[in-house]
Amino acid sequence: MSAIHYMQRCLELAKLGAGSVAPNPMVGAVLVYNNRVIGEGWHKQYGEAHAEVNCINSVREDDKQFISQSTLYVSLEPCAHYGKTPPCVDLIIKYKIPYVFIGCRDPFKEVDGKGIEKLNVAGVKVELADRLLSYECQQINKRFFTFHTAQRPYIILKWAQTADEKISSGNGERLLISNEYTNRLVHRWRSEEAAILVGTNTALLDDPELTTRLWPGKSPVRLVVDMDLKLPSSAKIFNKEAPTVIFNSVKQEEEENILYYRIPKGSSLIHQLLNALYKLKIQSVLVEGGAKLLQSFIDDGLWDEARIINNEQLIINNGLDAPILKNAEKISGQKLLSDKVAIYKLKHS
């Protein structure tokens, strides 16, 4: 079997930790002796054992004699610092594993190259995956990588539009655009991100709950831009179903699970939001509207994905225009009855 085969297995294992390990990255590890897998593991839960530990611990008693003659494949550079758990490189060195194949370096400043360096000093031969395989290893943790390399959350824009590209009725009445299947899909998307963001008008007109009622999983942190604190206390956003952050220009205080985060008016709203979210250690945000807020992210080029639901049967003629996506490359699409879902990524020059 090739290194590619074993690394693909690492990635399969890593994905089993989805939704349970954030803000840590998803990591998988495979231990191979003489072309035979003798151990496998992945990071299962934030704060608990990492992939390398679970992999070594999974080795059967009669195979433990081969650990010191094996190759460890791991999708991300082993940690070299004390966090919630001891450094994984110390365990690798303790078991005298002679060869480690790493999918990609860890961008976290406490690790970034230090794990590789410590292994090299201990006489462990380390090999990094080629560019293509390394890219795959980075992609499963794109939120983690964006947070640590760009010092901002991974931004996903989402909206639903009619066949004539309207995002709302424009008369203050709520317009239901997506069907029941895409509604469930949106709730799945919510469960996969750290936070969800809306503007004042969306919170006022739609009175959304912004939870994962239609999909199992943890609800994201709710973020609302309400610069003048116009939202009434009766709004569903204040129902304490999930932690909530209200970005405003009036006050900075915390009430139970609601944080009022003050940002001044005048300078770039989007840049201030991203700086605040980085300080709050929020690694990904699903931006659900409205049109003005979405367009601001697009115009500033500060987004990573856009997910657009298009109801091909609904035409309303008059209404609020949907945002205009720029520098976008379509990466996937699917049809769900009346709705067509398209996913785009930002094209970098």
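How much area does the chain expose, and what share of it do carbon and sulfur atoms supply? In this predicted model, the chain exposes about 17400 Å², of which 48% comes from carbon and sulfur atoms. The C-alpha trace beneath that surface spans about 70 × 45 × 40 Å along its principal axes, and buried residues account for 50% of the 349 residues in the chain.

The secondary structure amounts to 10 helices and 17 strands. When contacts between residues at least 6 apart in sequence are considered, 67% of them join residues at least 24 apart. As for charge, the chain carries 43 positive and 41 negative charges, and the mean positions of these two sets lie 1 Å apart.

Helix 1 offers a place to follow the packing in detail. It covers residues 3-14, which is 12 residues, and reaches 16 Å from its first C-alpha to its last, close to the 16 Å expected at 1.5 Å a residue. Within helix 1, the buried residues are Tyr 6, Met 7, Cys 10, Leu 11, Leu 13 and Ala 14. Seen down the helix axis, these buried residues fall within an arc of 160°, and therefore they line one face of helix 1. The spacing follows a general rule: an α-helix has 3.6 residues a turn, so residues three or four places apart point the same way.

What do the buried residues of helix 1 pack against? Their partners are strand 1 (28-33), strand 2 (36-42), strand 3 (71-74) and strand 4 (99-102), together with helix 5 (131-139).

Terms used. Residues are numbered from 1 along each chain as its sequence is written. This is a predicted model: local features need pLDDT of at least 70, side-chain atom pairs count only at pLDDT 80 or more; totals for chains, interfaces and linings use all residues. Side-chain values use heavy atoms; hydrogens and water are left out. Helices (H or I, at least four residues) and strands (E, at least two) are DSSP runs, numbered from the N terminus. The expected span of a helix is 1.5 Å times one less than its number of residues. Buried means under 20% relative accessible area, exposed over 50%, partly exposed in between (1.4 Å probe, protein chains only). The arc is that of the directions from the helix axis to the C-beta atoms. Contact means heavy atoms within 4.5 Å. Accessible areas come from the Shrake-Rupley method with a 1.4 Å probe; for residues, only the protein chains shown count as cover. Lys and Arg count as positive and Asp and Glu as negative; His and the chain ends are not counted. The place of a charge is taken as NZ of Lys, CZ of Arg, CG of Asp or CD of Glu.
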